[in-house]
Amino acid sequence: VALKIGIAGWSFLPPRPEIPGALDELIYSATSAALEDAALSIQQIDGVCMASSDLNDGRAISTMTLTGSTGSFRKSEMRVCNDGLAAVWLGAAEVGSGAADTLMVCAWSKLSDVVNPTAIPVLAMEPTMHRALGYHPDAVLNLRESQSTHSLVFTTGVPALEPRDTAAAVVMTRPDHPSAGRYQIIGFGSSTGPYLKPDEPVLAPTQRAVAAALKSAGIPVSDICRVHVGGLHRINSEEIASALGIGAGTIVREVPQAADLGYAAGLVAMVNALNDDAEGPKLILSAAGLGMESANAVVLVAK
Amino acid sequence: MKVNAAAILGFGQTKFRTTRTDVSGPELVFEAVSAALADSDTDIKSIDAVVFASAPEVFEGVYEPDRWTMEAFGGVGKPVVRVHTGGATGGSAAIAGARLIESGMYDTVLIVGLQRTSETPDAQAVFTTIFDPIFEQDVQLNVITGIALVASRQMKYFGLTEDHMAWISKKNFDNALLNPYAHLHKHISVEDVKNSRQIAWPLRLLHTCPRSDGAAAVVMTSRAKAARRSKVAWLRGAGHATDVYRLGDRIKDSESDLAIPRALTWACDAAYREAGITDPMNQLSVIEVYAPFSNLEVGYYESMRLAPRGRGIDLVESGATALRGPIPVCPSGGCMTANPIGATGLVRFGEAALQVMGRAGDHQVDGARLALATACGGIDQFYTAAILASQPE
C-alpha cells in the first residue's frame with residue numbers, strides 16, 4: 001500500500017535578508033501559525049521532526065535551546081542535519097509507521113546572525129587534501145562543469161549566495177485524521193551522489209530522488225503540473241527541466257534564485273507549493289551539499 | 001505486533017580508542033559497516049536506505065560528515081539522512097531506521113554511527129557552546145560540572161554515596177574486561193575509584209567516561225525479510241522524549257527532580273507500552289543504559305521503573321544489576337568504558353540486540369529474551385528507549 005500523509009496546516013516567514021528577533025521567536029512564529037492553520041493545539045501534536053544545522057545556528061546541539069519554540073517538550077524530537085525535505089521524508093516515516101498521528105515538521109535559517117556564512121560550506125571539504133585549497137562550493141561546481149563541458153567556467157560570473165532568514169512549519173497527519181486538509185503527500189524520494197567525484201552529472205542525485213518520488217506516488221512525470229525547487233541556486237531552470245524531462249515553465253524558484261535558505265530551502269519550497277493554486281500534482285525537490293549530492297523530492301496532490 | 005515490525009540482523013562496532021590515528025573518519029565508518037554487514041550475512045547492495053548518526057560535527061571537524069564518509073561504505077546513490085540529537089543521536093537513529101521500515105518505505109536500512117572526538121582539542125569547550133549564548137555560556141557550565149550538580153542533588157534526594165558510585169564504576173569496568181571492543185580494559189577496585197582524582201565534587205575521574213573515537217553500525221530489515229533468518233532481534237517498542245531546556249525548570253515539580261530525569265521515564269513508558277511490558281523489573285532480562293557517569297546510572301534505575309521512588313540505591317546495595325544479578329545493567333561495560341558520543345546510543349542498541357540473539361560473547365546474559373537500550377542527549381534533555389526481543393511477539 002502506497003504511503004500517504006495528510007497535511008493539516010502550514011506557515012512560514014517569507015525569506016528576507018534579516019528578520020528581527022531571536023531564532024526562538026522566528027521558529028515559534030512559524031510553528032504557532034502552522035498549528036493555528038491546522039486548528040490544533042501543541043498538546044494534540046505527537047512529535048516534532050526538524051531540520052537544522054549547528055554551524056548555521058551558532059552552537060553545538062543547537063536544538064537544545066529550541067524545545068519551547070519547536071514544541072517538542074514531552075514529545076519525540078527527531079532532528080535531521082539535512083535539507084528540510086529530509087525532515088518531511090523522515091517525519092512521513094514516523095506518521096506512516098503509526099508512531100505519530102500528528103507531527104510538526106519545521107526548519108529554519110537565521111544566517112543574518114552568522115558572521116561569515118560562506119565560511120561554513122567550505123568546512124564540508126575533506127580536511128587533509130581538499131580544504132586547504134580553499135575552494136568555494138561554487139568553484140567546485142564550476143570545476144565539475146568545466147570538466148564535463150570541456151570549457152572554462154569562471155566563478156566570477158556566478159551570482160553569490162544571498163543569505164536569508166526564514167522559518168517554516170508544516171503539520172503532518174495520518175491521511176484519515178480529522179484535521180487532515182485538502183493536500184496529501186503521496187510520493188517520497190531521496191538519493192545521494194559521490195563526494196566531489198568528477199564525471200557524475202551534478203543533477204544525477206536529483207534525478208534519482210525525483211524518479212523514486214514519482215515511482216512511490218505511482219504517477220508519470222508528465223502528470224506533474226508544477227515543480228517547486230529548493231536550493232540548486234547555481235543550476236538554471238532549463239537545465240533542471242531538461243534533466244527531469246519537464247517543461248521549464250513548470251519550474252518555480254526562490255526569488256532571487258541565489259537566496260540561501262540553509263536547511264529550510266526544501267520546506268519553504270513545500271510551503272510555496274501548498275500556497276500554489278495550480279491544479280494537479282506538484283513536485284517539490286531540493287538538493288544541497290558541495291556538489292548538490294544530497295537530493296530529496298516529494299509529490300503533493302490535492303485530494 | 002506491527003505488520004511491518006523491524007528486526008535487527010546484525011551489529012558491527014570498531015575498536016574504541018581515545019585517538020584512532022590508524023584510520024580516517026571514513027575508514028572508521030568502513031570498519032563498522034563492514035563488520036555489521038558481515039554480522040548480518042548481507043552486503044551493501046541489499047541496503048535500501050541509510051540513517052547516519054553523528055553528534056556535533058565540531059567534534060569531527062568536518063561539516064556534514066555523512067557526505068564525507070558515504071563513499072567509504074558504499075552509501076552513494078542511496079537515500080541518506082543524518083540524525084543528530086546530541087548524545088541521544090545513536091538511539092534516535094536506530095528508531096529512525098525502524099520507522100523507515102515500519103512505514104513500508106524501505107525493506108532494509110543501515111544505521112551508521114560515527115564520532116571522532118579526538119579531532120577536537122578540547123571537547124568540553126565544544127560542550128560549553130551547547131548552552132544559551134547570552135545567559136549561560138559565560139558561566140562555563142559543561143557536562144562534568146552539570147552532572148556534578150545532578151550528583152549532589154542525588155545525595156540529598158536518595159542518599160547517593162561515594163560507595164554507591166564506586167560500586168557502579170567497578171561493576172562496569174569489570175564487565176568491560178569481558179568485552180573486547182570496550183575502550184577501557186582496566187582492573188579497578190572500589191578504593192581505586194574513591195581515591196581517583198576529583199574533577200568536580202562529588203565526581204572523581206573513575207566515575208566518568210573516556211573520550212572515544214569509534215563507529216558502530218546496525219542492519220535492520222522488515223518482518224517479511226527477517227522471517228527467512230533463524231536469529232534476529234525484534235524491535236518490540238520504542239520511545240523518544242524531550243524535556244525542557246533549562247535545568248532550573250526541571251529541578252522540582254510534582255513529577256520531576258534534577259536527580260531523576262523524567263524524560264527517560266516518558267521514553268521508557270512509551271517503549272514499554274508499545275512492547276506490552278507492565279513490570280520491567282521482572283520482565284526485562286538485561287539493560288544497556290546510556291550512562292556516562294556512575295551516579296547517572298543509579299538515578300536511571302528509578303527513571304526506568306526498576307525501583308520505587310528514591311530506592312534506586314537498593315539495586316546497588318543488593319548487587320541486582322551486576323552481570324550475574326537478576327537485572328544486569330551494562331554487561332558490555334556501557335559508555336563508562338567507551339563513549340564515542342554520537343555512536344554510543346547505537347552501541348547500546350546493538351549490544352542489546354546481541355544479548356537477545358544470544359551472541360554477546362563473554363558478557364552474554366544467560367537466557368536473555370527481552371532487553372532495554374537507552375540513550376541520552378543534552379544535559380538530561382533528550383532520551384530514547386528501545387525494547388529488543390528474541391521473539392517477534
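Between chain B and chain A the count of salt bridges (a side-chain nitrogen of Lys or Arg within 4 Å of a carboxyl oxygen of Asp or Glu) is zero in this predicted model. Residue pairs in polar contact, both at pLDDT 80 or more, number 21; a polar contact is a pair of N or O atoms within 3.5 Å, where within protein one must be able to donate a hydrogen and the other to accept it, and residues adjacent in sequence count only if both atoms are side-chain atoms.

To the side of chain B that touches chain A, two or more residues each come from H2 (57-60), H3 (65-73), E3 (80-83), H4 (89-102), E8 (233-242) and H10 (262-275) of chain B, helices (H or I, at least four residues) and strands (E, at least two) being DSSP runs numbered from the N terminus. H4(B) gives the most, six residues.

The contact (heavy atoms within 4.5 Å) takes 53 residues from chain A and 54 from chain B. About 4400 Å² is buried between the two chains, 63% of it from carbon and sulfur atoms; this is the accessible area (1.4 Å probe) lost on putting two parts together, summed over both.

Chain A contains twelve strands and nine helices. The C-alpha atoms of chain A fill a box of roughly 55 × 45 × 30 Å along the principal axes.

Local features need pLDDT of at least 70 and side-chain atom pairs 80 or more, while totals for chains, interfaces and linings use all residues of the predicted model. Residues are numbered from 1 along each chain as its sequence is written, chains are lettered from A and ligands numbered from 1 in the order written, and side-chain values use heavy atoms, without hydrogens and water.
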